[in-house]
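Me: I am new to this structure and should like to understand the grounds for the terms used to describe it. May I put some questions to you?

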Amino acid sequence: MEKKTKEEYVHPLLEVKDLSVSFRMYDTGLEQYDLKVISNLNIDVKQGEIVAVAGSSGSGKSLLAHAVMGLLPENAATTGEMYYKGMPLIQKEKEQLRGKEIALVPQSVAYLDPSMRVGTQVLGEKPDQRKRKEQKEVFSRLHLEEHVERLYPFQLSGGMARRVLVSTALISGADLIIADEPTPGLDLEMAVEALTCFREMADEGKAVILITHDIDLAFHVADRVAVFYAGTTVEIAPSKDFREGPEALRHPYSKALWRALPQNGFVPIPGFQPYAKALPKGCLFAPRCPNRTEECEKPIPMQELRGGTVRCIHAT
Ligand SMILES: Nc1ncnc2c1ncn2[C@@H]1O[C@H](COP(=O)(O)OP(=O)(O)OP(=O)(O)O)[C@@H](O)[C@H]1O
Ligand code: NI
């Protein structure tokens, strides 16, 4: 079968629509309340594509990954819709697809099983020839020497453990890879190599969601970038707009995020991301926004604009 180009994949492999996640919390005594940490979050990814997710700490990036994988804790409740290959993705399916069709590179290296040798974790039980071959290739590309297979996680440095987690997802054979911060602890060359591996996976027809603080690297490897703020999507745009800068971007927060990059002047964004317990009405960015008006206190939908989508009524 001939390989398809990115443009020929019209339907998203994964589509997340209006996802909200709340946690049942316990106050002092028996008081309970629901803490809404993700609200109306949208994202989708097609085969052949890397969608990077950018946003500061606590903006909901890992929770999105856990929600898709079906790994949210017991006290979490979700609303909204999720589709995988056009079919509703429910908990039972998530459990069946996890590690097979959908692979996660977890944010914490603590996810490695401490009692299992690296080789067994990466290959799973009864690996076939293809997997063994791919494992050797990926290890060599990520500068993991052959003897690493026989080590236990505690014998790995942080950077090695990270590369082992990346390798596991790369050779899993999954159609969708969600990489939650795959590069911390890696030097630049290694980080670029890891991202190049994801790029090649996408070019082979897989779909990749790349959650990362290394947004400058992400702008260069991803096709699109989704910007999260306080648990919602504020903008989804082609990566080239992020390479071009504020003029090409749509949301005031995306523009501010761009200006806050070291190479763009390190301009700090005044104020703080709101705490989930005290979210403002309407636009979550309004308290920090130079363009805010009274209208911003109403619920703000995502709208299409110049080849991207944005959650801002003043965006042009
Ligand atoms: N089990 C939980 N119970 C209550 N609140 C939670 C729970 N897990 C996450 N949160 C809250 O949800 C919000 C989003 O968390 P999340 O881990 O998705 O952030 P993140 O964008 O991945 O941040 P980072 O860049 O630091 O990894 C945070 O405010 C966090 O405190
Ligand atoms: Ni996270």
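Reply: Let us begin with one pair of residues: L176 stands opposite A207 in β8. The model is a predicted one, and the statements below are computed from it.

Me: What makes β7 and β8 paired strands?

Reply: Two strands pair if at least two bridges are found between them. Five bridges join β7 to β8, so the requirement of at least two is met. The two strands run parallel. Besides L176 and A207, I178 stands opposite I209 in β8.

Me: Which other strands pair with β7 or β8 in the parallel sense?

Reply: Strand β6, residues 102-105, pairs with β7 over four bridges in the parallel sense; here I102 stands opposite L176. Four bridges also join β3 to β8, and these strands too run parallel. Within that pair, V53 has I211 of β8 as its bridge partner.

Me: Why is β8 called largely enclosed?

Reply: A residue is buried if 20 or more other C-beta atoms lie within 10 Å of its own. Five of the five residues of β8 are buried, so the strand is largely enclosed by the rest of the structure. A207, I209 and I211 point one way from β8, whereas V208 and L210 point the other way, and all are buried. In a regular strand, side chains alternate between the two faces of the sheet.

Me: How do you know that β7 is mostly covered?

Reply: Five of the five residues of β7 are buried. L176, I178 and D180 point one way from the strand and I177 and A179 the other way, all of them buried.

Me: What makes the span of α6 close to the expected one?

Reply: Helix α6, residues 188-203, has 16 residues, and the expectation at 1.5 Å a residue is 22 Å. From its first C-alpha to its last, α6 reaches 22 Å, close to that expectation.

Me: How do you know that the buried residues of α6 lie on the same side?

Reply: The buried residues of α6 are A194, L195, C197, F198, M201 and A202. They cover an arc of only 145° around the axis, which puts them on the same side of the helix. On the other side of α6, L188, E189, T196 and E200 are exposed; a residue is exposed if 12 or fewer other C-beta atoms lie within 10 Å of its own. The buried residues of α6 pack against several elements, including β7, β8 and α7. After α6 comes G205, whose phi is positive, near 110°.

Me: Why are β2 and β5 said to stand at the edges?

Reply: Four strands form an open sheet in the order β2-β1-β4-β5, with antiparallel pairing. β2 and β5 each have a single partner strand, so one side of each is left without a neighbour in the sheet. Between β1 and β4, which run antiparallel, there are eight bridges; E15 has Y83 in β4 as its bridge partner.

Me: What surrounds ligand 1?

Reply: The shell holds 14 residues, and the closest are V37, S57, K61, S62 and L63. It divides into six nonpolar, seven polar and one charged. β2 and α1 each supply at least two residues of this shell; α1 gives the most, with three.

How values were computed. Residues are numbered from 1 along each chain as its sequence is written. Chains are lettered from A and ligands numbered from 1 in the order in which they are written. This is a predicted model: local features need pLDDT of at least 70, side-chain atom pairs count only at pLDDT 80 or more; totals for chains, interfaces and linings use all residues. A residue is near a molecule or strand if its C-beta atom, placed from the backbone, lies within 6 Å of it. Ala, Val, Leu, Ile, Met, Phe, Trp, Tyr, Cys and Pro count as nonpolar, Asp, Glu, Lys and Arg as charged, and the others, Gly among them, as polar. The expected span of a helix is 1.5 Å times one less than its number of residues. The arc is that of the directions from the helix axis to the C-beta atoms. Two residues are in contact if their C-beta atoms, placed from the backbone, lie within 7 Å.
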